Amino acid sequence: MQLSIDEPYSLTYLLFVRQAWELGIDGVPELDPVPSIGASARPDSVGLDAAYTRWRAEWGRAWTQYEPIDRTTRGPDDETLRLLELPDDQLADAVSRMPSPFWDEGIDRPSYEEWRRSLRDDHSRPIQEHPERVCLDALIPAWRSGLLTVLQLPYRGYFAERINPTTLVVSRTTRHNPTLYRKALGTIGPRQ
């Protein structure tokens, strides 16, 4: 059995930006722990509507890396043809799933890095105490149903969503509470 546990940089960075720039984004849970934003602030040159729109677009793009791979062979669609016409530097920006440099001006990087470090799991614990080992009884059926990746995000409280047959998104709170994690591992994926 192989399972990947990830706390993606692209998503945590955008969550930090949302908090630091006070972007009221509906549908994305509050954070725990709430980061200390340091000197982070939305630059005066960036309007709130523009920041909100850009954040939503980049948030959506960051999630595309977790979409199931379509292995159907076919010619390129119109969007792919358009992208292939771009110079290499523009193509890289257009298909990157990483947050764009747009956010860098108004973000206190040391504060972000400190918060990111605070999210790291303690890997010095004995293996028997790791969440997947503690919840092995629930993990095995989830893996047999197709689960390959668990994304842990710093959301407040219980959160579990199987975004596709292979990927489960959970809050840190959920993953580190055996009762909640077992419940989350039993989450059925979206209808196909």
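In this tour, contact means that heavy atoms lie within 4.5 Å of one another, and the structure you have open is a predicted model.

**Stop one: helix H7**

Begin by selecting residues 136-144, which make up helix H7, and colour Ala138, Leu139 and Ala142, the buried residues of this helix. If you turn the view until you look down the axis of H7, these buried residues fall within an arc of 100°, so they line one face of the helix. Next, show the elements that the buried residues of H7 pack against, namely helix H6 (131-134), strand S3 (160-164) and helix H9 (178-185). Which exposed residues does the face of H7 turned away from its buried side carry? Select Asp137 and Arg144, and you will have the exposed residues of that face. Before leaving this part of the chain, step to Gly146, just after H7, where the backbone takes a positive phi of about 115°.

**Stop two: the sheet**

Now show the four strands together, which form an open sheet in the order S1-S2-S4-S3, with mixed pairing. At the edges you will find strand S1 (4-6) and S3, each of which pairs on one side only. Averaged over this sheet, and with direction ignored, neighbouring strands are turned by 20° against each other.

Walk across the sheet from S1, which runs parallel to S2 and is joined to it by three bridges; to see a pair of residues here, select Ile5 and Val150 in S2, which stand opposite each other. Strand S2 (residues 149-153) pairs in turn with S4, again in the parallel sense, over five bridges, and Leu151 has Val169 in S4 as its bridge partner. The step from S4 to S3 is antiparallel, with four bridges joining the two strands, and a hairpin leads from S3 to S4 through two residues. Select Asn164 as well, which stands opposite Thr167 in S4.

**Stop three: strand S4 and its cover**

Is strand S4 buried or exposed? Select residues 167-171: five of the five residues of S4 are buried, that is, under 20% relative accessible area, so the strand is largely enclosed by the rest of the structure. Both faces are covered, with Thr167, Val169 and Ser171 buried on one side and Leu168 and Val170 buried on the other.

Finally, bring back H9, which you met as a packing partner of the buried residues of H7, and follow how H9 lies across S1, S2, S3 and S4, running at about 155° to S4.

Methods:
Residues numbered from 1 in each chain as written. Predicted model: local features only at pLDDT ≥ 70, side-chain atom pairs only at ≥ 80, totals over all residues. Heavy atoms only, no water. Buried < 20%, exposed > 50% of the residue type's maximum accessible area, 1.4 Å probe, protein only. Arc of directions from axis to C-beta. Pairing = 2+ DSSP bridges. Axes fitted to C-alpha atoms, helices over the stretch in contact; angles between N-to-C directions.
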